[in-house]
Amino acid sequence: MSILTWSKLYSRVSSTDPSLTKQFELWLDDPDSTALAIIQGQHFVAANSNTLKYFESLEQNFIHATPFDFSPRIQSSGKSSVEYGQQMLNKASKGERVSFNWLHMSQQGKELPTSVTFFPAEIDSNRVILVSFEPMDRRKRTREQTGNGFETLPKELMSITLEDSAEAVYITNEQGQILAVNKAMCRICGFSAEHLLGRNPADLKLDVADQENTLAPLAKNRRSWQGEVWKCRSDGSTFPAWQSCRRIYADDQVFYVNLFSDISEKKALEAKLTQQAMYDKLTGLPNRFHLIKLLNKAINNIRQYPDAIGALMFLDLNGFKNINDSFGHSTGDKVLQLVAARLEACCIEDAEIARLGGDEFTLILPRCSSEQEISEFSDLILSLFEAPFEINGQKFYLGTSIGISLFPQQSDDPNQLLSMADTAMYSAKNSPNHIRFYNATIRQAAEQKLHTLNDLRHAQSLGQFSLVYQSVVDLESDEIMAVEALLRWTQSNGNVIEAKDFIPLLEEAGLMVNVGQWALKQACLQMKQWHTQFDKNLKISVNISSSQLEHPDFIKLISNILLSTQLPAEALVIEITEGALIRRPIHISNVLTQLKAMKVNIAIDDFGAGLSSLSRLNSLPIDALKIDAGFAQRLDTPQGKKLCKAVVQLAQTLDIKFIVEGIENQSQRDCLQAMGKGMGQGFYFGKPVKSQQFAMDVLSHIDKPALEAC
């Protein structure tokens, strides 16, 4: 993202607070006045040039990083950077302007005491946080020049001050002989004053590698010098020191005043902070910043071997989100530690391993002879996940999807290689063996997905979404019991896309709640009209996504829609998937209980296609199971018929009504009818069509009120 792109993005930042709006405009007019960045969620999505310079970071390393990636694990106040930082982010995300002092680390490991301010803002109705960074380096502040008062003090007082100083002080003449030392000099170096006086530091080997020989010329040329050196103690041990040397003329003689302090603890702290800045604190593996350095090194090294190839493998854990949602983040963290340990035990000698964050890991294969060798190594990685991960007696089964990019053949830029491997990993999730090498086809698919996402963002405003309707009928009488509303997207080129092909993209783009609200209201309005025209006992069935169910205002939304459309609550059927029961089970159970109290009907959609716990069904207020279409399609085999009958009997045992989806012929319908009283849906009873055609072809032929439905 160029600075021009930053300016275009920043120009779209807005706020409902007039004072903030004015401040944003001032920064827009003078973009170089302040270091600014934009945070969405917990990641930086944009930054101006001042911020990149301040953090000594390249743009590609800064974007998508979190504020915690530029912070030590523990702040100088003793607070955890992640925990305290998240508290500040949460306050800002709720609309509060937040200012606080923070110790940052530049990408080069430099400490950056900073005054940080979070400004709640929006970009195109999406919540973001605009953050400003102000250095807290007091040395950069200008002040009126005044005397320091030393010139007015007696010389005896100055002598006592130097003698009792915590810094080591020794004074030499022009020939290098030590003329005076203070107590700290003796204490730090382990020499007595008698042993030091009259001697030359070089004779005492006070400085490592004759560094004293370099200090005198510097002091002679520049009058003063300061820098980091290594010193020797009397026992031969060495330590790092910060030394300053100043040349002074007094009584027609030249003196050199040397001061130094032991910085061993400071260096140890710097090393610790560097460790924290370069390694993931949970697993101890290299983090994203360290990965880029390792990848750069591997790319440079492989140039010496023209026939070799290197590989970057991007791993994402399949099923990890369910563990986090069901067992909590503490258990999820332990699983990640076990995964890291398993990877290290198997691959540490062959690959550089890193954790990017969440459940994403990477491996660098620095030099391979062929793609076949890389494929075999990928199979080895997959085999690591065949055994379960056990925590406190609980076994967790995980898989992984692996995307692979090759260097230097495909790119010699670390960030581009990472992006390629990431793209290939998403493609691997849908491949049979969960391994994909990045190629032109994957690139084109990613570009097409990006184009589709962009079109989806404008689809609702362009009126491209619509609903079609399909009958749910009684298997015995063929009477219509309910109508399911199904979402469709008509693209600009006229192509009509079914919901299953774009709902995941709506979820990814964060549009599902708004589009789902529109679909629910349209379906309720339509059914209210059909109640008046045809049959007031009909029910309307609408699919609800997990993100809608988890929205804090979902119950209020349902109530408002029923109130505005005047549709009775008992005429609405909410269809949810098995997966929705796994994510945040306690919250979802509370939501379903509230819906049931409102007399809204609840059905489990695509039952049998997922892995939800059967033991939970009887504890939830479920009215009907919609048995997945795959069961009906296997009714022509003995095994398929037994499976379908088992699911039907499960519903009957739990006193839950059942609806079988995907019925396409008379044979399937007759087979299901023999299993018990239930309902069916599928092309055999009619394809999904628009409301006007559905009313003409189906509802206009109703001769008597439908029986009570699901």
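**View 1. A cavity in the predicted model.** A cavity is a set of grid points where a 1.4 Å probe fits but cannot get out, and its lining residues have an atom within 4 Å of a point. The model shown here is predicted. It holds one cavity of 30 Å³ or more. The largest cavity has about 90 Å³ of space.

**View 2. The lining of the largest cavity.** Lining this cavity are 14 residues. Pro67, Phe100, Trp102, His104 and Phe118 lie nearest its centre. By class, 11 lining residues are nonpolar and three are polar. None is charged.

**View 3. Elements around the largest cavity.** Four elements each give at least two residues to the lining: helix 5 (81-93), strand 4 (98-105), strand 5 (111-123) and strand 6 (126-135). Strand 4 supplies the largest share, with three residues.

**View 4. An open sheet of five strands.** The strand order is 13-14-12-17-18, and the pairing is mixed. Strand 13 (352-357) and strand 18 (435-437) stand at the edges. Each has a single partner strand, so one side of each lacks a neighbour in the sheet. From one strand to the next, the twist averages 20°.

**View 5. Strand 13 beside strand 14.** Strands of a sheet pair through backbone hydrogen bonds. Here strand 13 and strand 14 (residues 360-368) run antiparallel, joined by five bridges. Arg355 stands opposite Phe361 in strand 14.

**View 6. Helix 11 across the sheet strands.** Helix 11 (residues 288-302) lies across strand 12 (309-318), strand 13, strand 14 and strand 17 (399-407). The helix runs at about 15° to strand 14.

Methods: Residues numbered from 1 in each chain as written. Predicted model: local features only at pLDDT ≥ 70, side-chain atom pairs only at ≥ 80, totals over all residues. Heavy atoms only, no water. 1 Å grid on protein atoms, 1.4 Å probe; cavity = no way out; pocket = protein on both sides within 12 Å on 5 of 7 lines; lining within 4 Å. Points joined across faces, edges and corners; volume = space filled by probe spheres on them. Nonpolar A, V, L, I, M, F, W, Y, C, P; charged D, E, K, R; others polar. Pairing = 2+ DSSP bridges. Axes fitted to C-alpha atoms, helices over the stretch in contact; angles between N-to-C directions. Contact = heavy atoms within 4.5 Å.
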